[in-house]
Amino acid sequence: MEKTVEWGAFGPADILLPRGCSMQKWSAVACDQYTSQPEYWEEAERFVGEAPSTLRLMFPEVYLGKDDAPVRIRKIHAAMRAYLDAGRFSKLKNSFVYLERTLSNGAVRRGLVGAVDLEQYDYSTDSASLIRPTEGTVVARIKPRMEIREGAPIELSHVMLLIDDPDDTVIEPLARRKGALAPLYNFELMQGGGHLSGWWLPADQAGTVQKALAALASPEVFAQKYGMPEKPVLVYASGDGNHSLATARACYEKLKKEIGDVARNHPARYAMVELVNIHDPSLVFEPIHRVVTDVDAQKLCADFVEAMVDGGASFDSGDTARRVRMLYDCGGVELYLGGNALPVGVVQDFLDGWMKENGGKIDYVHGGHVAERLGVQPSAAAFLLPTIGKSALFGAVARDGALPRKTFSMGEANEKRFYLECRRITEDK
């Protein structure tokens, strides 16, 4: 059994790294990106050719629902076994990987690859575990992903797990001492993904990381930081890849039913993630706006104003973090919401109820200018939401549970995590 459990919810893992291949061809972007752009994946296939690649070990979700899905899954599992049998991987036992990702805009995102204990993760909306989702988990999205993970001897991960560490105690000190760590890789990612560098951090050299994580998990520190002494401690929140993490948990729960308590010593108890500080300057949170179509926009506007004012909203200038703009072809309104609930949640709850009675379609739109353009079309309306402050996210999840779907976006598609490290989730033969 890996020693991750000795660390608590997040710790080191037996990490597999590829050897004897082009790292640029090996490392491919997360499977849930470019889902409306099959040409991106076709170009990735041309670039990789016959070279070893994580492209052979994952299921691009642009192809989910296609008739050849079972064949793709069998090929993925076969490629994993072939790479293992061919000695494609070297193993970093009981280790972390400290990495630096230079994005296309020049910003550098720092992360720490390790594993989480799935016993400490609950993806339900009212989760009280140390690891929680930031947004609601759509259970229907788990089943097709289970079909991929079940039968797979190894895992790749595009999960970015967030910590709220404003004092930079966990990851940032590693940047200052990376010169003393053994370099693992240093290369340009394919298709404009930026640059990736990684260093080996054995667990026995990571005492400062363990101490800092333990401090974040202190009930006293949590109560003082968020002013919620009555709430259970929240240390880790899944930013990107929550449905993949939920899939890992679902597979582990199924394994426990099949083999009983033996599962607690099984490698499937853990899931690999990249830990990132929410206060890393490279992380930019963008709101996801709502555009509603096929509606009586004038009635929608009137009903929205009435509901928001009844909830304490005002028209006077106030906190821009609570400002919501509603636009349609005949005008619009700007309101400053009352209360403490996140504006996106207030708006989504209103729209869910209103559309249930009045009909219409909803779309989730990145970019204010795009939302404005769509919202002034006939029989349409746009709801432009404020940016969520980084400091507000953990407090909101701790107070209210998982946030509404499509609350925020963390960067563009080419800034998402690329697959590289792997980890066994079956027993070594």
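A cavity here is a set of grid points where a 1.4 Å probe fits but cannot get out. Keep in mind as you click around that this is a predicted model.

**Stop 1: the enclosed spaces**

With that definition in hand, look inside: the structure has four cavities of 30 Å³ or more. Start with the largest cavity, which holds about 390 Å³ of space. Select Ile148, Arg149, Leu156, Ser244 and Tyr419; of the 24 lining residues, these are the closest to the cavity's centre.

Now colour by secondary structure. Helix H4 (142–149), strand E6 (154–155), helix H8 (242–259) and strand E11 (270–277) each put at least two residues into this lining. Which element supplies the largest share of the lining of the largest cavity? That's H8, with four residues. Switch to colouring by residue class and the lining of the largest cavity shows 16 nonpolar, four polar and four charged residues.

**Stop 2: the second largest cavity**

Next, move to the second largest cavity, at about 60 Å³. You can select its lining in one go: Asp164, Leu216, Val221, Phe222, Lys225, Tyr226, Leu234, Val235 and Phe394. Helix H7 (residues 219–226) is the one to highlight, as it gives the most to this lining, with four residues. By class, the lining of the second largest cavity has seven nonpolar residues, no polar ones and two charged ones.

**Stop 3: the largest pocket**

Now for an open space. The largest pocket holds about 1200 Å³. To find its middle, select Gln33, His366, Lys406, Ser409 and Lys416, which are the closest to the centre among the 40 residues lining the largest pocket. Two or more lining residues come from each of strand E10 (236–240), H8, strand E12 (285–293), strand E15 (361–366) and strand E17 (408–410). You've already met H8 in the lining of the largest cavity. How does the lining of the largest pocket divide by class, and how many residues are charged? There are 10 nonpolar, 17 polar and 13 charged residues.

**Stop 4: ring against ring**

Show the aromatic side chains; the structure holds 14 aromatic pairs. One of them joins tyrosine 40 and tryptophan 41: an edge-to-face pair, 5.4 Å centre to centre, with 80 degrees between the planes. It counts as edge-to-face because the planes are over 60 degrees apart. Are these two residues buried or exposed? Tyrosine 40 is buried, at a relative accessible area of 10%, and tryptophan 41 is buried too, at 2%.

Then pick tyrosine 121 and tyrosine 123. Their rings form a tilted pair, with centres 6.1 Å apart and planes at 45 degrees. Tyrosine 121 is buried, with a relative accessible area of 1%. Tyrosine 123 comes out at 21%, so it counts as partly exposed, given that buried means under 20%.

Before leaving the rings, select Trp7, Phe10, Phe96 and Tyr236 together, as they form one aromatic cluster.

**Stop 5: charge over ring**

Two last selections. Pick arginine 72 with tyrosine 63: the charged end of the arginine sits over the tyrosine ring, 4.0 Å from its centre. Then go to lysine 25 and phenylalanine 47, where the lysine lies over the face of the phenylalanine, at 5.8 Å from the ring centre.

Methods. Residues are numbered from 1 along each chain as its sequence is written. This is a predicted model: local features need pLDDT of at least 70, side-chain atom pairs count only at pLDDT 80 or more; totals for chains, interfaces and linings use all residues. Side-chain values use heavy atoms; hydrogens and water are left out. On a 1 Å grid over the protein atoms alone, a cavity is a set of points where a 1.4 Å probe fits but cannot get out, and a pocket is an open set with protein on both sides within 12 Å along at least five of seven lines; lining residues have an atom within 4 Å of a point. Grid points are joined across faces, edges and corners, and a volume is the space filled by probe spheres set on the points. Ala, Val, Leu, Ile, Met, Phe, Trp, Tyr, Cys and Pro count as nonpolar, Asp, Glu, Lys and Arg as charged, and the others, Gly among them, as polar. Rings of Phe, Tyr and Trp (its six-membered ring) pair if their centres lie within 6.5 Å; planes under 30 degrees apart count as stacked, over 60 as edge-to-face and the rest as tilted. Buried means under 20% relative accessible area, exposed over 50%, partly exposed in between (1.4 Å probe, protein chains only). A charge sits over a ring if NZ of Lys or CZ of Arg is within 6 Å of the ring centre and within 35 degrees of the ring normal.
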